Amino acid sequence: MRCKVLLVGLIALAAVMGGACTAKDERRAPVVDSKAQVAASHGPAKQAASRPRVQPDDHGHSHGAPGEVPAFETDVASLKNLSPTLSPAKFFGKQREGYEAAKAIPRTLAQLPCYCHCDKGFGHKSLHTCFVDDHAAHCAICIDEALLAYKLEKEEKLTPAQIRERIVAKYSEEQAGH
């Protein structure tokens, strides 16, 4: 009986560990040619129409096409009616920090793309959407982006548009390096 309980526990642990996002696998972001290209041609409506269908993994993540910037909010009305994020108290460590950032700057996160490309797998509209449920708790990309956005807004006093430019450049650069 003890062996069965131990075996079931090990199987459950393996399932959790096998399904979690890894930063290395998930940081394959698209390459963007220029900041102007992002602003001019990658708004959410245009992205949805031109986006190729890609099969997401179990967590709704997929890798974007070269030059693709994931969805983000630009509509003022949408920014006023954001769903609340989950309580940071439900999480520990870096995940808690990410959810604290999401709670502190929800409108900023709504204006940012999420480079795990959950817009395809789950229909997420922005990085903010990742924190409305436990999606972000399972994804290093979501957490890292939220923490970076928080730092850029609070310490460097950047606007959401400036933060978006930095995030697009960062993840595009990482894609080019892989």
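This briefing walks through a helix, a nonpolar core and two buried residues. The model is a predicted one. A good place to start is H9, which spans residues 140–154 and gives the most to the largest nonpolar core, with six residues.

**Helix H9**
- H9 has 15 residues, and its first and last C-alpha atoms lie 21 Å apart, close to the 21 Å expected at 1.5 Å a residue.
- The buried residues of this helix are Ile-141, Cys-142, Ile-143, Asp-144, Glu-145, Ala-146, Ala-149, Leu-152 and Glu-153.
- Ile-141 sits in H9 and counts as buried because its relative accessible area is 0%, where buried means under 20%.
- Although 25 residues separate Ile-141 from Cys-116 in sequence, their C-alpha atoms are 6.1 Å apart in space.

**The largest nonpolar core**
- This core holds 31 residues, and those touching the most other members are Tyr-99, Leu-109, Leu-127, Cys-130, Phe-131 and Cys-142.
- At least two core residues come from each of helix H6 (93–104), H9 and helix H10 (160–177).
- Beyond its neighbours within four places in sequence, Cys-130 is in contact with Tyr-99, Cys-114, Cys-118, His-124, His-135, Ala-136 and Cys-142.
- In soluble globular proteins, nonpolar side chains tend to be buried together.

**Arg-164 in helix H10**
- Arg-164 belongs to helix H10.
- What is the nearest side chain of opposite charge to the buried Arg-164? That side chain is Glu-165, 7.0 Å away, and Arg-164 has no salt bridge.
- Leaving out neighbours within four places in sequence, Arg-164 has contacts with Phe-72, Gln-111, Leu-112 and Pro-113.

Terms used: Residues numbered from 1 in each chain as written. Predicted model: local features only at pLDDT ≥ 70, side-chain atom pairs only at ≥ 80, totals over all residues. Heavy atoms only, no water. Helix = DSSP H or I, 4+ residues; strand = E, 2+ residues; numbered from the N terminus. Buried < 20%, exposed > 50% of the residue type's maximum accessible area, 1.4 Å probe, protein only. Expected span 1.5 Å × (residues − 1). Core = buried A, V, L, I, M, F, W, Y, C linked by side-chain atoms within 4.5 Å. Contact = heavy atoms within 4.5 Å. Lys, Arg positive; Asp, Glu negative; His and termini not counted. Salt bridge = Lys/Arg side-chain N within 4 Å of Asp/Glu carboxyl O.
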